[in-house]
Amino acid sequence: LRFNERNVHKQCVPCNQHKSGNAIEYRLGLSARIGSASVELLEASNEIKRWTIEEAKEIKATYKAKLKELKYARP
């Protein structure tokens, strides 16, 4: 789940820190954003992934390029 882009969502500070993630409301909001089927796929994905060195380097390069795109896309 670490590199699954459907699993990247921010949460307000009070919910995250003071309400232990506010899991019920968070799940409802997530379902509204990405759909119930996607939420269920995220919740069912409990398999531990062992990345090879090559895969890790590829992931690093991909997100480095995406970050660079975002930096240059800012107005």
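Which residues in helix 2 meet which residues in helix 3? In this predicted model, Arg 27, Leu 30, Ser 31 and Ile 34 are the residues that helix 2 brings to the meeting, and their partners in helix 3 are Ser 36, Ser 38, Val 39, Glu 40, Leu 42 and Glu 43. Helix 2 covers residues 23–34 and helix 3 covers residues 36–44, and their axes come within 7 Å of each other. The two axes cross at roughly 120 degrees, which makes helix 2 oblique to helix 3.

Ser 31 offers a good view of this meeting from the side of helix 2. With neighbours within four places in sequence set aside, Ser 31 is in contact with Ser 36 and Val 39. Its relative accessibility is 16%, so Ser 31 counts as buried, the limit being under 20%. Helix 2 itself has the length to be expected of it: at 1.5 Å a residue, its 12 residues should span 16 Å, and the end C-alpha atoms are indeed 16 Å apart. Just after helix 2 comes Gly 35, with a positive phi near 95 degrees.

Upstream of helix 2, the loop that joins it to helix 1 deserves a look of its own. Ser 20 is found in this loop and has a positive phi of about 50 degrees, although Ser 20 is not a glycine. Ser 20 is also exposed, with a relative accessible area of 71%. Asn 22 belongs to the loop between helix 1 and helix 2 as well, and its phi, near 45 degrees, is again a positive value in a residue other than glycine.

The segment before helix 1 can be placed relative to what follows through two of its residues. Cys 12 lies in this segment and, at 41% relative accessibility, counts as partly exposed. From Cys 12 to Asn 22 the chain runs 10 residues, and the C-alpha atoms of the two are separated by 9.9 Å. Val 8 also has its place in the segment before helix 1, a helix that covers residues 13–18. Val 8 is exposed, its relative accessible area being 58%. Its C-alpha atom is separated by 14 Å from that of Gly 21, a residue 13 places away along the chain.

Helix 4, which covers residues 53–73, also passes the length check: its 21 residues should span 30 Å at 1.5 Å a residue, and its end C-alpha atoms are 30 Å apart, in agreement. How many of the 21 residues of helix 4 are buried? The count is 1, and helix 4 is thus described as hardly covered. Ile 59, found in helix 4, is buried, with a relative accessible area of 16%. Beyond its neighbours within four places in sequence, Ile 59 is in contact with Phe 3 and Trp 51. The contact with Phe 3 links residues 56 places apart in sequence, whose C-alpha atoms are 8.1 Å apart in space.

Trp 51 has a further partner to report. Lys 49 lies over the face of Trp 51, at 5.0 Å from the ring centre. As for pairs between aromatic rings, the structure holds 0 of them.

Notes. Residues are numbered from 1 along each chain as its sequence is written. This is a predicted model: local features need pLDDT of at least 70, side-chain atom pairs count only at pLDDT 80 or more; totals for chains, interfaces and linings use all residues. Side-chain values use heavy atoms; hydrogens and water are left out. Helices (H or I, at least four residues) and strands (E, at least two) are DSSP runs, numbered from the N terminus. The expected span of a helix is 1.5 Å times one less than its number of residues. Buried means under 20% relative accessible area, exposed over 50%, partly exposed in between (1.4 Å probe, protein chains only). Rings of Phe, Tyr and Trp (its six-membered ring) pair if their centres lie within 6.5 Å; planes under 30 degrees apart count as stacked, over 60 as edge-to-face and the rest as tilted. A charge sits over a ring if NZ of Lys or CZ of Arg is within 6 Å of the ring centre and within 35 degrees of the ring normal. Axes are lines fitted to C-alpha atoms, for helices over the stretch in contact, and angles run from 0 to 180 degrees between N-to-C directions. Angles under 35 degrees count as roughly parallel, over 145 as roughly antiparallel, 65 to 115 as roughly perpendicular and the rest as oblique. Contact means heavy atoms within 4.5 Å.
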